[in-house]
Amino acid sequence: MMTRRNPMDVIEGFYCSQTVWALHRLGVLPRLEDSADVTALAEEFVLDEQLLSAVLDFVHRTTDLLVREDHRYRLAPSCRPYRRIAFQLEKFLGAYGPVIAGAAAVLGDPGTGPGLRDHPSLARAFGQLEPRSPSLTAQVLRAWGVTSLFDLGCGAATLLVELATADPDFRGWGADASDAMVSAANQRISRSGLDGRLRILRSDVRELGGLITRPDVEDVQALYGRSIANEFFADGGRSAVDVLTELRELFPGRLLFLEDYYGRLTHRPPADGNHRHALLQDLAQVLSGQGVPPPDLPGWSRVYQAADCTLVKAYEGHNDDISWFIHVLILGRQPTTNMPPSPADADGVPVARSHALNGAADAAEAAG
Ligand SMILES: C[S@@+](CC[C@H](N)C(=O)[O-])C[C@H]1O[C@@H](n2cnc3c(N)ncnc32)[C@H](O)[C@@H]1O
């Protein structure tokens, strides 16, 4: 069941998010992976000790982020490692916070929403992710025999680096529209010594047709997109159909793996259970001009059919208050002859993901 907030909860939520965000950006929260007293923290971060003491006391009393021992604070065990929390804060407060804060203006002029999304914050969120390996996505792709991949909206190239590290024969390409993400991706690739096998293009996925440098269709066995398709639902899905149609024309017969989430806001009847994470994501999507994606498999299937693509498999799960999926499509009606056959063991992939937050390669990232 969803918890519905009373007016004082609403006010408390705002005060909590602002103080937690301040402590995060100042570096105080990450520092509290080790315990520290207020005096030392104030000195280290050049902050007013009395005010810091009050803010930490407030966050300690109103959230489960901190534990206190005498005058010392540290992150609660459930908030460590901190990068899992940092991912959510950077994404929901850093990247989408300005969009939500600007709701009054966006409601009057929706065209201003997309410009309020803070792309560097989104790049920071995804850039610092260290997914568990092998990730569920990698297991699915391996089960389908994928050894070359074009990752659409590749973000910080987390998946490409994981796949290339695990398989010396793997070759990958990524495309992303954000300069900050492309730079985060290239840094990750260089750090991993994979420059020779992975290539990142700075491109909008809607403009791949005009790109001379895009990978050759013969070289790409499959395409993949995590949390990219959900961007194209502000017009009821017409843009999503257009994007898929163009991909089908550019890469006919190739497999496309879409990892994403089922939207909840405005869809009726409301699904049972707790969908807090999905509702947060939906609101961020709506106000930033991306729209709410379909709520279930039939809804997404209609988009695939309209683009003349064939759904061949759906992996689904629900955790961290969000329902996510990996849909496997053929771009067209027939697979190309060199496409790997549908694997018998694809059914054996463990789809119930129990790990929390960004581990939700996972669910959290499926809804970016
Ligand atoms: C939520 S992030 C997910 C990143 C990556 N797929 C992952 O799961 O780690 C969505 C990514 O899509 C990129 N993106 C959004 N719209 C795009 C578009 N029209 N063309 C290309 N990239 C886009 C964003 O810059 C961002 O890097």
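Which hand does the crossing have where helix 3 passes helix 4? Right-handed. I'll come back to that pair in a moment. One caution before we start: this is a predicted model.

Let's get the layout first. The chain divides into two parts: domain 1 covers 7-79, and domain 2 covers 124-366. Between their C-alpha centres there are 36 Å. I'll take domain 1, then the loops, then domain 2.

Domain 1, helices. Start with helix 3, residues 38-45, against helix 4. The two axes are 9 Å apart, and the packing angle is about 120 degrees. That angle makes the pair oblique, because anything from 65 to 115 degrees would count as roughly perpendicular and anything over 145 as roughly antiparallel. Who touches whom? From helix 3, Val38, Thr39, Leu41 and Ala42 make the contact. From helix 4, the partners are Glu49, Leu52, Ser53 and Leu56.

Helix 4 has another neighbour. Helix 1, residues 7-26, comes within 10 Å of helix 4, residues 49-62, axis to axis. They cross at roughly 125 degrees. Helix 1 is therefore oblique to helix 4. Now the hand: this crossing is left-handed, while helix 3 passes helix 4 in a right-handed one. On the helix 1 side, look for Glu12, Cys16, Thr19, Val20 and Leu23. They meet Val55, Phe58, Val59 and Thr62 of helix 4.

Next, strands 1 to 3. These 3 strands make an open sheet, ordered 1-3-2, with antiparallel pairing. Strand 1 at 36-37 and strand 2 at 66-69 are the edges, each pairing on one side only. Strand 3, residues 72-75, pairs with strand 1 through 2 bridges, antiparallel. If you want one pair to click on, take Ala36: its bridge partner in strand 3 is Tyr73.

Now the backbone oddities. As background, most residues other than glycine have a negative phi, and most peptide bonds are trans. Three spots here are worth a look. Arg80 and Pro81 are joined by a cis peptide bond, omega about 0 degrees. Pro81 sits in the loop between strand 3 and helix 5, which is 82-95. Ser133 and Pro134 are also joined by a cis bond, again with omega about 0 degrees. Pro134 is found in the loop from helix 9, 119-127, to helix 10, 136-143. Then there is Thr266. Its phi is positive, about 70 degrees, although Thr266 is not a glycine. Thr266 is in the loop between strand 8, 255-261, and helix 14, 276-287.

On to domain 2. What does the record say? An unreviewed UniProt entry places a feature, "domain: Methyltransferase", at residues 151-208. In the model, that span is 38% helix and 22% strand, and its end C-alpha atoms lie 12 Å apart.

The sheet here has 7 strands. It is open, the order is 6-5-4-7-8-10-9, and the pairing is mixed. Strand 6, 198-202, and strand 9, 310-319, are the edge strands, each pairing on one side only. From one strand to the next, the twist averages 15 degrees. Inside the sheet, strand 7, residues 222-226, runs parallel to strand 8, joined by 5 bridges. One place to see that: Leu223 stands opposite Leu256 in strand 8.

Which helices pack on it? Take helix 11. Helix 11 touches strand 4 at 148-152, strand 5 at 171-176, and strand 6. Its direction makes about 175 degrees with that of strand 5. Helix 14 packs on the sheet too, touching strand 8 and strand 10, which is 322-330. Against strand 10, the angle of helix 14 is about 70 degrees.

Last pair: helix 10 and helix 11. Helix 11 is residues 158-166, and the two axes come within 10 Å, crossing at roughly 55 degrees. That makes helix 10 oblique to helix 11. The crossing is right-handed. Thr137, Ala138 and Leu141 of helix 10 meet Leu159, Glu162, Leu163 and Ala166 of helix 11.

To recap the hands: right for helix 3 on helix 4, left for helix 1 with helix 4, and right for helix 10 with helix 11. Thanks.

Key:
Residues are numbered from 1 along each chain as its sequence is written. This is a predicted model: local features need pLDDT of at least 70, side-chain atom pairs count only at pLDDT 80 or more; totals for chains, interfaces and linings use all residues. Two strands pair if DSSP finds at least two bridges between them. Helices (H or I, at least four residues) and strands (E, at least two) are DSSP runs, numbered from the N terminus. Domain bounds come from an automatic or database domain assignment. UniProt positions are given in the numbering used here, feature names are shortened, and annotations may be inferred rather than shown by experiment. Axes are lines fitted to C-alpha atoms, for helices over the stretch in contact, and angles run from 0 to 180 degrees between N-to-C directions. Angles under 35 degrees count as roughly parallel, over 145 as roughly antiparallel, 65 to 115 as roughly perpendicular and the rest as oblique. A crossing is left-handed if the near helix is turned anticlockwise from the far one by less than a right angle, and right-handed if clockwise. Two residues are in contact if their C-beta atoms, placed from the backbone, lie within 7 Å.
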